[in-house]
Amino acid sequence: MDSLCHSSAVKGAKVLMVGAGGIGCELLKTLALSGFQDIHIIDMDTIEVSNLNRQFLFRQSHVGQSKAKVARDAVLRFRPHISITPYHANVKDSDFNVDFFKQFSVVLNGLDNLDARRHVNRLCLAAEVPLVESGTTGFLGQVTVHVKGKTECYECQPKPAPKTYPVCTITSTPSKFVHCIVWAKDLLFSKLFGDKNQENDLNVRSSDASNSSEHGEDVFEWRNNEDIEQYGRRIYDHVFGYNIEIALKNQETWKNRNRPKPIYSRDVLPEHLNHQNGNVDKKCATDDPLSVSAMTSLGLKNPQDIWSLTENSTVFLESLKLFFACREKEIGNLSFDKDDQLAVEFVTAAANIRAASFGIPMHSLFEAKGIAGNIVHAVATTNAVVAGLIVIEAIKVLEKDIDNYRMTYCLEHPSKKMLLMPVEPFEPNKSCCVCSESPLALEINTHRSKLRDFVEKIVKAKLGMNSPLIMHGSTLLYEVGDDLEDDMIANYTANLEKVLSELPSSVTGGTMLTVEDLQQEFTCNIYIKHREEFDEEKEPDGMVLSGWTQASLEKKDDNKVVGNGGNTSTSMPTEGEREVELDEISEGTEISGKKRKQPEVSAGETNSSNEVQRLDVVDDDEDELVMLDHQDTSNKKKKLQ
């Protein structure tokens with residue numbers, strides 16, 4: 001530690017930390033104890049009770065306060081002479097632009113989502129500041145070094161897409177509890193509390209619906225002078241009863257499947273519900289709307305209990321009532337948040353009722369929340385190990401010790417008797433559209449798809465741009481910004497609703513679009529290929545982005561000793577090894593070239609079931625899992641992505 005403290009590179013460094021959560025707390029402590037004198041921290045989150053088991057700089061009295069500010073105060077108590085500057089803000093705010101990033105010697109990431117990681121990666125590239133990236137998921141972790149022009153950037157390797165399910169499975173033939181969760185979260189919750197105009201398959205109507213006033217209109221509209229419980233029961237009967245009856249009329253669907261059972265509120269609930277704990281006003285009497293709870297209102301205490309069908313039905317109606325009574329102003333703009341207690345209660349109850357209808361085992365709120373939020377519970381020790389590795393790599397970067405940069409992976413099971421596996425960084429991917437500016441190709445129906453579809457599904461979702469500008473030649477098709485004139489805003493808004501071929505400068509097959517994010521200083525060229533038809537199940541976006549390919553690797557000497565003595569072979573993979581590939585990446589991404597070969601697993605060093613975990617992208621803190629695959633590795637070698 002003394003040698004670190006006396007390093008001029010360490011003492012003179014100005015370090016930016018992004019994230020003050022699970023990894024961030026450990027990292028700030030380790031930086032302070034390693035002699036760093038000038039540290040800046042960005043984190044938009046406030047402290048929650050659930051953080052306290054692993055984010056050791058925080059205490060019960062800090063709940064609700066800024067993570068960045070409390071972390072600063074905690075560390076200054078034992079390192080009072082160093083400078084720590086906190087920012088309680090979103091790293092994507094315009095204040096944190098390229099000029100802001102240029103003032104730092106190195107940037108250290110401890111983030112918990114892919115979007116923010118991509119944003120920081122692009123700002124570091126534009127500012128030419130080295131980035132040390134990290135993440136943990138349970139016992140697994142990784143630390144990678146990204147230096148412009150020297151190593152691959154964070155986005156050189158395509159990231160796996162979140163797990164998706166066919167729409168028909170979710171809406172018609174669920175067979176797993178996760179299908180019920182997706183239905184409750186992405187369809188029912190969104191329909192009731194999000195944008196009411198969105199299209200989904202919930203509002204099913206029979207062929208003779210015109211003869212039924214009950215089902216011939218939008219049942220999701222709350223009628224004038226309608227009692228909230230009556231409204232809730234009407235929704236309940238529609239989605240769990242009527243829609244199931246309509247589905248059962250398709251005899252072909254149920255030839256080889258168990259037939260679901262329609263459930264109506266009258267069958268499981270008394271005619272009028274009696275609720276505990278006083279009137280609605282008392283239930284809403286809180287400064288934090290996210291703390292309003294149907295469980296509290298109903299006297300349900302243990303989130304690990306599996307509720308009965310009657311209890312789930314009661315929670316469903318009570319949570320719906322509380323949304324309209326306590327949070328009516330938010331309705332129409334809500335999206336599911338795993339930290340929103342009432343939302344989790346509603347989704348759990350709805351998923352369980354649907355599960356009961358389809359003969360699927362019900363789950364507790366604790367389990368349902370984990371599934372809905374893609375949660376893998378954090379391990380404090382992994383965070384501490386990863387934080388130490390971040391500081392080691394940061395010191396190498398500051399001392400320009402490029403030959404000793406390492407990407408290090410924390411393993412759950414030993415490989416070559418090691419739990420930490422160092423790997424030499426790879427060169428920049430010449431096909432990366434972020435750091436190598438390679439063009440992409442987009443297959444799309446230019447006569448059907450609107451500019452809005454392109455912006456939402458490609459520019460924002462796939463390319464991660466926040467403030468995009470889209471040009472066709474010298475014609476500006478779309479732009480966002482606070483300094484735009486009203487007539488320009490109206491013009492761009494109108495363009496969003498036009499199909500690509502009908503834009504002022506027509507976008508058809510063969511068109512080259514330029515998409516730019518001025519804040520990120522990121523520009524990408526996209527070649528448009530017109531395509532008439534798409535597979536709704538395999539290509540649900542109705543468009544396919546390609547051209548972001550995986551880098552080829554040059555053959556290096558086998559058994560080269562790196563890091564702490566672990567041998568990593570970077571020779572070309574054998575045919576057998578090529579079988580283990582990235583399973584899920586952005587829709588339509590083409591993978592070409594050779595696979596990077598990772599350290600082998602010695603015989604007997606994996607678990608007894610021959611099933612190991614492959615780490616693609618791991619996240620810190622709240623453990624939102626982007627993709628963690630489990631693969632049968634019989635007769636295959638273990639590979640870390």
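## Helix α4 and its buried face

A residue is called buried when its relative accessible area is under 20%. With that in hand, let's look at helix α4 in this predicted model. The helix spans residues 67–76, and its buried residues are Lys 67, Ala 68, Val 70, Ala 71, Ala 74 and Val 75. Looking down the axis of α4, you would find these buried residues within an arc of 165 degrees, so they line one face of the helix. The spacing makes sense: an α-helix has 3.6 residues a turn, so residues three or four places apart point the same way.

What covers that face? The cover includes α3 (22–33), β2 (38–42) and β3 (83–87). At the start of α4, Ser 66 lends a hand: one of its side-chain oxygens comes to within 3.4 Å of the backbone nitrogen of Ala 68.

## The eight-stranded sheet

Strands β2 and β3 belong to an open sheet of eight strands, ordered β3-β2-β1-β4-β5-β6-β7-β8, with mixed pairing. At its edges are β3 and β8 (418–423), each of which pairs on one side only. From one strand to the next, the twist averages 20 degrees.

Further in, β1 (residues 14–18) and β4 (residues 106–109) pair in the parallel sense, over four bridges. Here Leu 16 stands opposite Val 107 in β4. Two helices can be placed against this sheet. Helix α3 lies across β1, β2, β3, β4 and β5 (131–137), and runs at about 165 degrees to β1. Helix α4 packs on the sheet too, touching β2 and β3, and its direction makes about 165 degrees with that of β3.

## Thr 144 in strand β6

For a close-up within this sheet, try Thr 144, which is found in strand β6 (residues 140–146). Is Thr 144 buried or exposed? Its relative accessibility is 8%, so it counts as buried, the cut-off being under 20%.

The side chain of Thr 144 makes a polar contact of 2.8 Å with that of His 146. Leaving aside residues up to four places away in sequence, Thr 144 touches Leu 131, Val 132, Glu 133 and Met 407.

## The six-stranded sheet

Another open sheet has six strands in the order β11-β10-β12-β13-β9-β14, again with mixed pairing. The edges are taken by β11 (475–479) and β14 (543–546); each has a single partner strand, so one side of each is left without a neighbour in the sheet. The twist from one strand to the next averages 25 degrees. Helix α17 (residues 451–460) packs on this sheet, where it touches β9 (440–444), β10, β11, β12, β13 and β14, and its direction makes about 120 degrees with that of β10.

Strand β12 (residues 512–517) is a nice one to follow residue by residue. Its side chains alternate: Leu 513, Val 515 and Asp 517 point to one face and are buried, whereas Met 512, Thr 514 and Glu 516 point to the other and are not. Strand β10 (residues 468–472) runs antiparallel to β12, joined by five bridges; His 472 stands opposite Leu 513, and Leu 469 has Glu 516 as its bridge partner. Strand β13 (residues 522–530) is also antiparallel to β12, with six bridges, and here Leu 513 stands opposite Ile 526. The hairpin of β12 and β13 has four residues between the strands, and Glu 521 takes a positive phi near 55 degrees in it.

## Aromatic pairs

Across the whole structure, a search finds 21 aromatic pairs. In one of them, the ring centres of Tyr 87 and Phe 100 are 5.6 Å apart and the planes stand at 85 degrees, so the pair is edge-to-face. Tyr 87 lies in strand β3 and Phe 100 in helix α5 (residues 98–102), so the pair ties together parts that are 13 residues apart in sequence. Phe 100 is buried, with a relative accessible area of 11%.

There is also an aromatic cluster, whose members include Trp 183, Phe 189, Trp 222, Tyr 231, Phe 316 and Phe 346.

## A loop residue, Asn 250

Finally, Asn 250 sits in the loop between α9 (228–248) and α10 (265–268). Its relative accessible area is 40%, and Asn 250 is therefore partly exposed. A polar contact of 3.0 Å joins its side chain to that of Thr 253.

Conventions. Residues numbered from 1 in each chain as written. Predicted model: local features only at pLDDT ≥ 70, side-chain atom pairs only at ≥ 80, totals over all residues. Heavy atoms only, no water. Buried < 20%, exposed > 50% of the residue type's maximum accessible area, 1.4 Å probe, protein only. Arc of directions from axis to C-beta. Contact = heavy atoms within 4.5 Å. Polar contact = N/O pair within 3.5 Å; in protein donor to acceptor, adjacent residues only side chain to side chain. Pairing = 2+ DSSP bridges. Axes fitted to C-alpha atoms, helices over the stretch in contact; angles between N-to-C directions. Phe/Tyr/Trp six-rings, centres within 6.5 Å; stacked < 30°, edge-to-face > 60°.
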